[in-house]
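Here is a friendly set of questions and answers to read alongside the structure. Keep the view open and turn it as you go.

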Amino acid sequence: MTDPKEPEKGGVELGTPNAAPPTGTMSTRRLRSEDYNDYSSTDVTPEGSPPDGMNGFVHPGPYQRFGETNGTTWYQTLIHLLKGNIGTGLLGLPLAVRNAGILLGPLSLVVMGVVAVHCMGILVKCAHHFCNRFQKQFLDYGGTMMYGLESTPISWLRTHAVWGRRVVGLFLIITQLGFCCVYFVFLADNLKQVISTANGTTNDCSPNRTVTMTPTMDSRLYMLSLLPFVVLLTFIQNLKVLSIFSMLANMAMFVSLVVIYQYIVRDIPDPSDLPLAAAWKTYPLFFGTAVFAFEGIGVVLPLENKMKNPRQFPVILYVGMTIVTTLYISLSILGYLRFGADIQASITLNLPNCWLYQAVKLLFSFGIFFTYAVQFYVPAEIIIPPLVARVSERWGWLVNMLLRVALVSVTCVLAILIPRLDIVISLVGSISSSALALIFPPLLEIATYYAEGMHPFVIAKDVVISVFGFVGFVVGTYEALVELIAPATTVGNGTSAMGP
């Protein structure tokens, strides 16, 4: 039985740096390797032995692996965990609360956060169980799912256990490329608004000030205009270079969030007119956006594996996700209270059209642009190497570049076909994020421990969570598609509806 091969969600910071060759680039030799393996930042040989110079290590326990003296500290791991969970989904949560209600929305976010963190804990626990059982240094999400199916008493599932790894890998690809689609729509939304109000932009940041919108090209043309630049960005395959861009993106988004917070906490109007609970028809859209925001489960195992002291990870996980949940709830409530029914698909689109907040929109767009390359790295590493390995070494580099162009173009085309930021976020959340974050982990726990004996309450709890995730998957996807085909709701003043 071989080690799992799929890398986890995330980019440079999220546990894949050592997956690159010694030179820091993805070489043609590596791409053509028939036995391509990505050990998700664990320097081990395919046989599972520790690297040279690591003699004397004993078999790892459930919270141990062969050590990395240059592993991440608890502080670095916490920063990476926060980065892996904070992105465009955060900016869409105020609209999600509008779709659920000022009371029901935040309460649902709390429940969603608790369940999502619990599922992350389930994944870590099951991975530790199999690492200890099979004396593995590290297992990724797909590998853990494969071993879980091999542990079930159902012979058919044991025979087809490898499909557990393949299905998880498929959903990881869908999720990551879905994020990239969201980035195209987000960039087009914000750039269109900045450009259309450029002539009327002044230093006056009064919310009552009216700015005349200059007619500009359709948002879909903005996406096409961005396509060549995004393609060139994804040609960068050096992880060290990507890490620099990722750091700049983190700084840009942090500064933008600080400025956004200081604006929305001022002059909050009377919230008495806001509904405590919205119509149930829009609640599935809330579900999709919320699970999209909380879908950081793919970064969990790579981060734990990279730590100097993995025993600290459970505490870091709960502390980090508490911070994330607090940030989600505070921005969603404050944003909805501040803008009410006029809240748009991204809260940045509600900011005044003065130079300060125009700069915030551009700064956050700058961060999202470079984050595209980090998120794109994972599906590229899963899809491209096996395909390039099928051609001669002479054509390997060219095929690699063409495949990158094709993948980026697919995300751009999908964004053009679904040019509403709120809908594309809800679709990605409902289709793929719900599976990875809510449906699979409870089923994995049952598969892992059922043969060893489980309390009926634990089984019932896991079934309830998976059913909840599956219902959200079906209903959320259906409502998002219905809203896309025949819009029944208005978003703010219609900017994010992305009409011609």
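Q: Which residues of α6 are buried?
A: This is a predicted model, and in it helix α6, residues 141–150, is mostly covered, with nine of its ten residues buried. Buried here means a relative accessible area under 20%. The residues that meet this in α6 are Tyr-141, Gly-142, Gly-143, Thr-144, Met-145, Met-146, Tyr-147, Gly-148 and Leu-149.

Q: What covers the buried residues of α6?
A: Nine of the ten residues of α6 are buried, and contact with them, meaning heavy atoms within 4.5 Å, picks out the cover. The helices that cover them include α5, α7 (155–159), α8 (162–196), α12 (300–306) and α16.

Q: Is Gln-135, in the loop between α5 and α6, buried, partly exposed or exposed?
A: Gln-135 sits in the loop between α5 and α6. Its phi is positive, near 55°, in a residue other than glycine. The class between buried and exposed runs from 20% to 50%, and the relative accessible area of Gln-135 is 28%, so Gln-135 is partly exposed.

Q: Is Asp-267 buried or exposed?
A: Asp-267 also has a positive phi near 55° without being a glycine, and it is found in the loop between α10 and α11. A residue needs over 50% relative accessible area to count as exposed. Asp-267 has 62% relative accessibility, so it is exposed.

Q: How many of the eight residues of helix α4 are buried?
A: Helix α4 spans residues 93–100. Its buried residues are Leu-93, Pro-94, Leu-95, Ala-96, Val-97, Arg-98, Asn-99 and Ala-100. The helix is therefore largely enclosed by the rest of the structure, and the count is eight of the eight.

Q: What covers α4, and which residue follows it?
A: The cover over the buried residues of α4 includes α3 (88–91), α5 (104–134), α11 (283–294), α13 (313–339) and α16 (421–449). At the end of α4 the chain goes on to a residue with a positive phi, near 115°. That residue is Gly-101.

Q: At what angle do the axes of α11 and α16 cross?
A: Both helices are among those that cover the buried residues of α4. The axes of α11 and α16 come within 7 Å of each other, and their crossing is left-handed. The angle is roughly 65°.

Q: How many nonpolar, polar and charged residues make the contact of α11 with α16?
A: From α11 come Pro-284, Leu-285, Phe-287, Gly-288, Thr-289, Val-291 and Phe-292. The residues on the α16 side include Ile-423, Ile-425, Val-428, Ser-433, Ala-437 and Leu-438. Sorted by class, the contact has ten nonpolar, seven polar and one charged.

Q: How far apart in sequence are the parts that Glu-479 and Lys-281 tie together?
A: The side chains of Glu-479 and Lys-281 meet in a salt bridge, 3.4 Å from N to O. Glu-479 lies in helix α17 (residues 456–485), and Lys-281 lies in the loop between α10 (239–264) and α11, so the pair joins parts of the chain 198 residues apart.

Q: Are Glu-483 and Arg-420 buried or exposed?
A: These two side chains form a salt bridge, 3.2 Å from N to O. The pair links distant parts of the chain, 63 residues apart, with Glu-483 in helix α17 and Arg-420 in the loop between α15 (393–417) and α16. Glu-483 has a relative accessible area of 5% and Arg-420 one of 6%. With the limit at under 20%, Glu-483 is buried, and Arg-420 is likewise buried.

Q: Which residue is the salt-bridge partner of Asp-218?
A: Asp-218 is buried, at 16% relative accessible area. Its partner counts as partly exposed, at 26%. The two side chains meet at 3.2 Å, N to O, and the partner is Arg-220.

Q: How many salt bridges does the whole structure hold?
A: Some of them form a network that links Lys-125, Glu-445, Lys-461 and Asp-462. A search of the whole structure gives a total of seven.

Q: How many helices and strands does the protein have?
A: Of its 500 residues, 59% count as buried. Among contacts with a separation of 6 or more, 85% are between residues 24 or more positions apart. The secondary structure comes to 17 helices and zero strands.

Conventions. Residues numbered from 1 in each chain as written. Predicted model: local features only at pLDDT ≥ 70, side-chain atom pairs only at ≥ 80, totals over all residues. Heavy atoms only, no water. Buried < 20%, exposed > 50% of the residue type's maximum accessible area, 1.4 Å probe, protein only. Helix = DSSP H or I, 4+ residues; strand = E, 2+ residues; numbered from the N terminus. Axes fitted to C-alpha atoms, helices over the stretch in contact; angles between N-to-C directions. Left-handed = near helix turned anticlockwise from the far one by under 90°. Nonpolar A, V, L, I, M, F, W, Y, C, P; charged D, E, K, R; others polar. Salt bridge = Lys/Arg side-chain N within 4 Å of Asp/Glu carboxyl O.
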